[in-house]
Amino acid sequence: MKKTMLTTILAASALVFAGCNSEESTNGETGESGAFEPSQNIEMVAPAGAGGGWDTTAREVARVFGETGILEENMTVVNKEGGGGAIAWAYIHGQDDSPYNLFVSSPPLMFVPLNGQSEFGHEDFTPLANMIADYGAFAVSADSEWDDLNSLFDQMKEDPESVTVVGTSAPGSMDHMQFVRIAKAAGVDPTKIKYVSDQDGGALTSVLNGSVDVFSTGVGEVVEQVRAGNIKILGITAEERLEGEVLSDFPTAIEQGIDESFINWRGFFGPPNMDPAAVEFYEAKFQELSESEEFAEVRKKYGWNEMYMNSEEYEEFLNAEYEEIEILLEEIGLGN
Amino acid sequence: MNAFDGMITGFQVALSWEGILFVLIGVIVGTLIGMMPGLGPISAIAIMIPITYGMDPAPALVMMAGVYYGAVFGGSTSSILLNAPGISGTVATAFDGYPMAQQGKAGKALAIAAIASFFGGTVSVIMLMLLAPALSSVAISFGPPAYFALMLMGLTAISSLSEGSTIKAMISAVAGVMVVTIGIDPQTGTQRFTFGNVNLFDGFDFLIIALGLFAIAEVCMLVLNRKNRSLSDDQKLGSLKVTRADLKEMSGPMTRQSFVGFILGVLPGAGATIASFISYIFEKRISKNPEEFGKGSIKGLAAPESSNNAATSGAFVPLLSLGIPGSGTTAVMLGAFLVLGVQPGPLLMTDRPEIFWGIIASMYLGNIFLLVLNLPLIPYLAKILSIPRPLLISLVIMFSLIGVYSISFNVFDLYMLLVFGALGFAMRVFSFPAPPFILAFILGGMMEQAFRQSMTISNGNLAIFVNSPLPLSLILIAFLSLVIPGLLKWRGRRRLAKM
C-alpha cells in the first residue's frame, strides 16, 4: 500500500516536472532574437514580514507594474520573513538561473552577511536595478543642548561615555553604521560610540524621555515628530538638502563641514545566474516604471527619492559601498 | 478641540452609513480570523491592507481598527474550546476557560469571555477618549530601566502561577528564559545557541511555544486519557446562561483589569499579552480563593479577557497620539495608516480630527456589534466540542500546524512545534507547570534587553534602577508582592498556633 502511494507520488511529480520542462522549451523564454519575454507569473519576494519597508516597496512596485501595464505578466509579492532577510536570500540563491524570482533589498543585504548572519550577500545575486534612495537622520529631543552635529560630536570627542545612541537595528547594521560613518568622518573615535538597539518600538520613546541622547533612524520616521516640536534634527546623511515641507529644513552633514554621506538605497535583484537577456528585460521595465508618473506619485506618498541605476551602475555602486562598510566594521571590531 | 467636540466629529464619521458598514465588515472579518488558532490580529490586518487601496481614509481606518480588536475578541474562542490559543494575548484565557469547557460549561465560558471582552473594550474606549492626549506622556515616560523593573514585577508572579511544587515552577521558568535567549542577540548581533542554523536566528516565535506547550501537549493528553470521554452532548455545551451571581463575581475583576489592561496597552512593548498575564496574576493574588484559579474560575477567565481587549484600545494611544507603534501588530497598523496617506502622530488630532475621533467613536460601535454578533453564535461554536474526539484531535493538530506555518511560511517551524509539543507533554506527565515557562519566555527577552540597554546607558552602574522614582517604585512593588503573601501566611499560621 505504502509502496504504491510512493510510486504514484513519484510518477505524479515526474509528470509535473516534465510539464514544466516542456513548457519552458516550447514557450521559448529566450527567443531567436535573444530577447526575453516572461511567460508566467513573476514572484517578487519581500524578505520580511508584511508592513515593513521592503514589503511596502515590493507591493507598490508590483501594483504600479500591473496598473500601468508596463509588465504584462502578473507580479505576485511573497513575504519570506526570517533572519533579517537571510532566509529569503537562501531561497532566492537556490533558484539558480530562474528569471521569475526577484527580490527587493537595501543596505542590510550587505550588513547582515558582514555581521556573519547570512551565507549570501549582494555579490551572490544579480543586481537588476536600483529604484529609490532614502537617507538617515540623527534626532535629539527638542530641549537638547545640541543644535548641530558639530556640538554633539565635540562632546563625544571629549567624553564619549556621556552620549548614548539608539536605533532600531542591531549593532553593526544600518542605524548603527550610518551614525558611525558620519561620526568617524567628524573625528569621533568610532570604537567608543555607545549604541543600544531597541527592536521593540521604544527607540523614539527613549529619546523623548531622555533615557538616551541620539536617535539614529530614517528621515521619513522623524517628520511628524519634528512638526510637533518634540525633537530636532541635528543632521541627515543625504548629500544635498531634500525637497519638501519640513524635509528641506534638515541640514546635511556635508553642509556642516563633515564630508560624508550615507544612502539607504532600495532596489531589485534576481538569482545568481540570471540570463543576461532577462536582466536586460527587467532593467528596461524598472527604468520605465521609475520614469512613470504613477510611480512618481508613490515616491511622493512615502517621501522616497528617485535614484534609478541600471544593473551595471548598480553593481559598481554596491561594490564601492561594500568595501567602505567592511573597513568600518572591522575598525569597530564587528567585522568577520 | 476638546474631547466632547471631538467625539461629536467622531460619531458623525462612525454613524454615517459608510462608517457603520465598515465597522461591521471590520469586526466580522476580525473575529473570524481571530477565531482560527494561529491567525491573529497581525495576519488579519495584513490580509486587509490591500482591500483599503483607494478607499477614503476615515472609513478604511475605522474598518482596520475593527479588524484589530475584532481579532482579539475572537481569539478567545479557540483558547477556551481547544486549549489552542489563537493569539498570544489569549494564552491566559485558556488557564481557566479550557477547564470550564471540560467541565461542560463551554457555553458559559464563551459567554463570560464575550461579556468581559465587551466590558474591557468599552471601558478602555472611554478612557481612550478622555485620556488619549494626556496619556501620551505616560507612554513616553518609560525608559529601559522602567521596562526592566516592569518585567521584573511580572516575573515575580511566577510563584502564583505554580500549582504544587514551587521548585518545579522555577525550573519551568528558567527553561523559558533559556529558550528566549536563542537567536541573534539584539545588543551585540552575536548568535546565541543557533548552531549556525538560519532558521534559529530570529529565535522562536511565541506562537510556536504556546501552541506546542498547550495545544499539542493537550492533544497528547487527550489520546492518553481515553476514559474521560463521558461527556454527553448537552453537557458539553452546558447552559449559556450567565447568572446574576456570575455577573457579580466577574464585575470586580472586569472593572479592575480593564484599567490595568488599558494602562499596560498604552506602554509601547507591553501590550495585550503581558496585560492578560498580569491581570490574571493580579486577580489570583487578591482573590480569597486562589486555589480555584486554573480549575475553571470565572474570575480567572474574566480578568485576562477584559484586560487583553482593554490593552488593544490602549495600544492606540501611542499609535494615534505619538505615531509610535508599541507592538508588531500596531506596526502593521501604522503601515495601514501610511498606505492611506495618513501619518499618525502628535498632529493627527488637529490635522485630521475626523480620523482621530472617528476611529475612537467607531470603537464603541464595534464593541457593541461584537457582543451582539458573538452571543448568538456561541451555541454553534461550542458544538465544536461534540465533534468526535479523533476528528477533534486531528483538527487541533491541523490548525496548530497551519497557524505556525503562516507565521513565516517556514517548514522548520513545524518541526519546532512538534519539539515543543513533546516538551509540553513531558512537562504534563512529570507535572511541571507550563504557564511559568510561557511567562518567562514573554518577559525574559524584554527584561534582558531592557537590562542591558540600561547598563550601556549608565556605563554599567546598577544605580540607574533606583535613581529615578518610576523604576524604583516598580521594583518596590515587585519586592512587596513577593514578601507580603509569605508574611501573611506566616502571621496566619501563628494565629492558628495560638488558638
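## Helix α1 of chain B

Let's start on the outside: B:Phe4, B:Asp5 and B:Ile8 are exposed, sitting on the face of α1(B) that is turned away from its buried side. Keep in mind that this is a predicted model.

Now flip to the other side of α1(B), where B:Gly6, B:Gly10, B:Val13 and B:Ala14 are buried. Looking down the axis of α1(B), the buried residues fall within an arc of 90°, so they line one face of the helix. They pack against three other helices of chain B: α2 (17-35), α4 (57-74) and α19 (353-382).

The length of α1(B) checks out too. The helix has 12 residues (3-14), and at 1.5 Å a residue it should span 16 Å; the end C-alpha atoms are 16 Å apart, so the two agree.

## The nonpolar core

The largest nonpolar core holds 266 residues, and B:Ile45 and B:Met64 have the most contacts inside it. Helix α7 (residues 106-139) of chain B supplies the largest share of this core, with 18 residues.

Who does B:Ile45 touch? Leaving out residues up to four places away in sequence, its contacts are B:Met64, B:Val67, B:Tyr68, B:Thr329, B:Val332, B:Met333 and B:Ala336.

## How far to trust it

Chain B has a mean pLDDT of 84, with 93% of its residues at 70 or more. Within chain B, confidence is highest in helix α21 (residues 411-429), at a mean of 94, and lowest in helix α12 (residues 233-237), at 53.

Residues 230-234 of chain B stay under 50 in pLDDT, and the model gives them three contacts beyond four places in sequence. For the complex, the predictor reports an ipTM of 0.75 and a pTM of 0.79.

Terms used: Residues numbered from 1 in each chain as written. Chains lettered and ligands numbered in written order. Predicted model: local features only at pLDDT ≥ 70, side-chain atom pairs only at ≥ 80, totals over all residues. Helix = DSSP H or I, 4+ residues; strand = E, 2+ residues; numbered from the N terminus. Expected span 1.5 Å × (residues − 1). Buried ≥ 20, exposed ≤ 12 C-beta atoms within 10 Å, placed from the backbone. Arc of directions from axis to C-beta. Contact = placed C-beta atoms within 7 Å. pLDDT = per-residue confidence, 0-100. Core = buried A, V, L, I, M, F, W, Y, C linked by C-beta atoms within 7 Å.
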